[in-house]
Amino acid sequence: MSAMTAAIHVSNLHKYFGKNEVLKGIDFQVDAGQVVCVVGPSGSGKSTLLRCVNRLEEPTSGRILVEGIDITDPETDLDSVRTRIGMVFQQFNLFPHMTVLQNLCIAQRTVKRRSKAEAVEVARRNLAKVGLSEKEGAYPAHLSGGQQQRVAIARALSMDPDMMLFDEPTSALDPELVGDVLDIMKQLASEGMTMMVVTHEMGFAREVGDKLVFMDGGVIVEEGDPREVLANPRHERTQAFLSKVL
Amino acid sequence: MKRSTKRYLRQGGLYAVLAAVVIFLAVSVDWGNVHRNFWTPGLGDNWHDLIVTGVKNTAIYTVISFALGLALALLLALMKLSDVLVYRWIATVYIELFRGLPALITILFMAFAVPIAFNGWRPPGGTAGAGVIGLVLVAGAYMAETLRAGLQAVPKGQAEAARSLGMAPVATMVHVIIPQAFRIIIPPLTNEFVLLIKDTSLLSVAGAAVGQRELTNVSRDFLSSGSTSSTGTSLVQAALLYLIITLPLTRLVAWLEKRQQRAR
């Protein structure tokens, strides 16, 4: 990919829910290979921003380019762009009526039209990566929250995405299970995966983030090197937020 | 008086009234007449026709109406949840219309009025077939509402997960939403099936060729034929056969509902 093309490029993004303006003109960029963490108080619009990037939310106005493709253009084949963007949800959203292996294969089979053998091979490789090879026959209800989230990551990876979006991936987990999920995300980051992570895990942001974005009230208040922002927040809203969570 | 004594007396009083009613009925009923009318001995021959023709056709009509009704219901439910206003509108009008009409009227319409309106066009299967089409139309309307509720009960995150993996809307419906919706609605759907078994008895008013008659119709034949001295025995027999079919199914529904509540 050329240096000119950002993985995600958001310009002047506005999003209304009814009369409520949730995003008030966001300009934002994620470069290929970058790990960008988005933090902020609840209701700040950070999840909405993330969900706009694969258009689970319809932007009201503005432009979003994913690898140079304008996903706000109605002519764009959204499904094909989405296969390049892995998404991990707070509530895991595994398909409860399918086994772990089926969860990992269904989109490979129906979207990528992979043969069964190939899909299973890819699925097993990604399950091994998240350390859950022995669970391939289990149903999601029989897994712990941490295991479910790791399966969800493996499911997204099985589509061979160019980038991953994480929407508060550890917020629904018991504290002792958070570490396993973060470890896998760190591993992904170290392999050079482009990542946009909405999170409350400041430790993760400090350790693996290339950029930290602080949002409040639908705008980006401050952004920069995570270690820098966390140690010396310039804006008082950032200071107030960090003093509460750190 | 102690409170427990009071309760004891109150309950005892209720049982006494109940016993009095039963005794009154038992004494006032002409048992000989009841026996002659409702359990005439020597009618073992009825069972053969009731089961081989009646139960068989009841089963066939139920299964056909259920299968076609379910297909129609799925279409209607998807239309009702569609983004297209016209689809929603058509589905709503259809569902309200056929839920608002007595099933009997719909069946009579299909059997007698529609063939006249369409220049004597006859549905396959003669009058019985026409009646079954009427049942399909009604069952489709009722099951559509059940299905819609089931589809809406699947958490939104499921569709979002599928779409975020690049799955198209149709694939998302077929592989993710519909299988989960069906799991949710198996108990109410089984209930609809039981209702449908009983509603096939309405087909008897449309009339049918001898070999095509369902259980109620066959039992009515025995009722009106002079050979059995027009007793109600065949009705009792039919009633027993219906219960043999429906009771296990209603128990099954209760069990399914209980299991689903535990799973939650």
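**Exercise 1. Find how much space lies in the largest cavity, and work out what kind of residues line it.**

*Solution.* Start with the volume: the largest cavity holds about 40 Å³ of space. Keep in mind that this is a predicted model. Next, ask how many such spaces turn up. A search of the whole structure gives 1 cavity of 30 Å³ or more.

Now look at the walls. The lining is made by Tyr61(B), Ala128(B), Leu203(B), Gly207(B), Ala208(B), Gln212(B), Arg213(B), Glu214(B) and Asn217(B). Sort these by class and you get 4 nonpolar, 3 polar and 2 charged residues.

One of the lining residues, Arg213(B), has a partner to look up too. Its side chain meets that of Asp221(B) in a salt bridge, at 2.7 Å from N to O. Asp221(B) has a relative accessible area of 28%, so it is partly exposed.

**Exercise 2. Describe the second largest pocket: its volume, its centre and its walls.**

*Solution.* Volume comes before walls again: about 830 Å³ of space lies in this pocket. It is lined by 23 residues, and those closest to the centre are Leu81(B), Ala159(B), Arg163(B), Pro169(B) and Met173(B).

Which elements give two or more residues to the lining? In chain B, they are α3 (44-80), α6 (126-153), α7 (156-164) and α8 (169-199). The largest share belongs to α8(B), with 7 residues.

Finish with the classes: the lining counts 15 nonpolar, 3 polar and 5 charged residues.

**Exercise 3. Take the salt bridges Glu168(A) with Lys46(A) and Lys186(A) with Glu207(A), and decide for each residue whether it is buried, partly exposed or exposed.**

*Solution.* Get the overall count out of the way: there are 21 salt bridges over all chains.

Step one is the pair Glu168(A) and Lys46(A), whose side chains meet at 3.8 Å, N to O. These two link distant parts of the chain, 122 residues apart: Glu168(A) sits in the loop between β7 (163-167) and α6 (175-190) of chain A, while Lys46(A) is in helix α1 (residues 46-53) of chain A. The cut-off for buried is under 20% relative accessible area. Glu168(A), at 11%, therefore counts as buried. Lys46(A) has just 4%, so it is buried as well.

Step two is Lys186(A) and Glu207(A), with their closest N and O atoms 3.4 Å apart. Lys186(A) belongs to helix α6 of chain A and Glu207(A) to helix α7 (residues 202-208) of chain A, so this bridge ties together parts that are 21 residues apart in sequence. At 23% relative accessibility, Lys186(A) is partly exposed. Glu207(A) reaches 53%, and since exposed means over 50%, Glu207(A) counts as exposed.

For a bigger group, switch to chain B: Lys80(B), Arg99(B), Glu145(B) and Arg148(B) are linked in a network of salt bridges.

**Exercise 4. Identify the residues of the nonpolar surface patch, then say which element gives the most to it.**

*Solution.* List the members: Val17(B), Val21(B), Phe24(B), Leu25(B), Val29(B) and Trp31(B) make a patch of about 610 Å². Then look for the main contributor, which is helix α1 (residues 3-28) of chain B, with 4 residues.

Now zoom in on Val21(B), which is found in that helix, α1 of chain B. Why does Val21(B) count as partly exposed? Its relative accessibility is 45%, and partly exposed lies between the 20% and 50% cut-offs.

Definitions and conventions
Residues are numbered from 1 along each chain as its sequence is written. Chains are lettered from A and ligands numbered from 1 in the order in which they are written. This is a predicted model: local features need pLDDT of at least 70, side-chain atom pairs count only at pLDDT 80 or more; totals for chains, interfaces and linings use all residues. Side-chain values use heavy atoms; hydrogens and water are left out. Patches are made of residues with over 30% relative accessible area and no salt bridge: like charges are joined within 9 Å, nonpolar side chains (Val, Leu, Ile, Met, Phe, Trp, Tyr) within 5 Å. Accessible areas come from the Shrake-Rupley method with a 1.4 Å probe; for residues, only the protein chains shown count as cover. A salt bridge is a side-chain nitrogen of Lys or Arg within 4 Å of a carboxyl oxygen of Asp or Glu. Buried means under 20% relative accessible area, exposed over 50%, partly exposed in between (1.4 Å probe, protein chains only). On a 1 Å grid over the protein atoms alone, a cavity is a set of points where a 1.4 Å probe fits but cannot get out, and a pocket is an open set with protein on both sides within 12 Å along at least five of seven lines; lining residues have an atom within 4 Å of a point. Grid points are joined across faces, edges and corners, and a volume is the space filled by probe spheres set on the points. Ala, Val, Leu, Ile, Met, Phe, Trp, Tyr, Cys and Pro count as nonpolar, Asp, Glu, Lys and Arg as charged, and the others, Gly among them, as polar.
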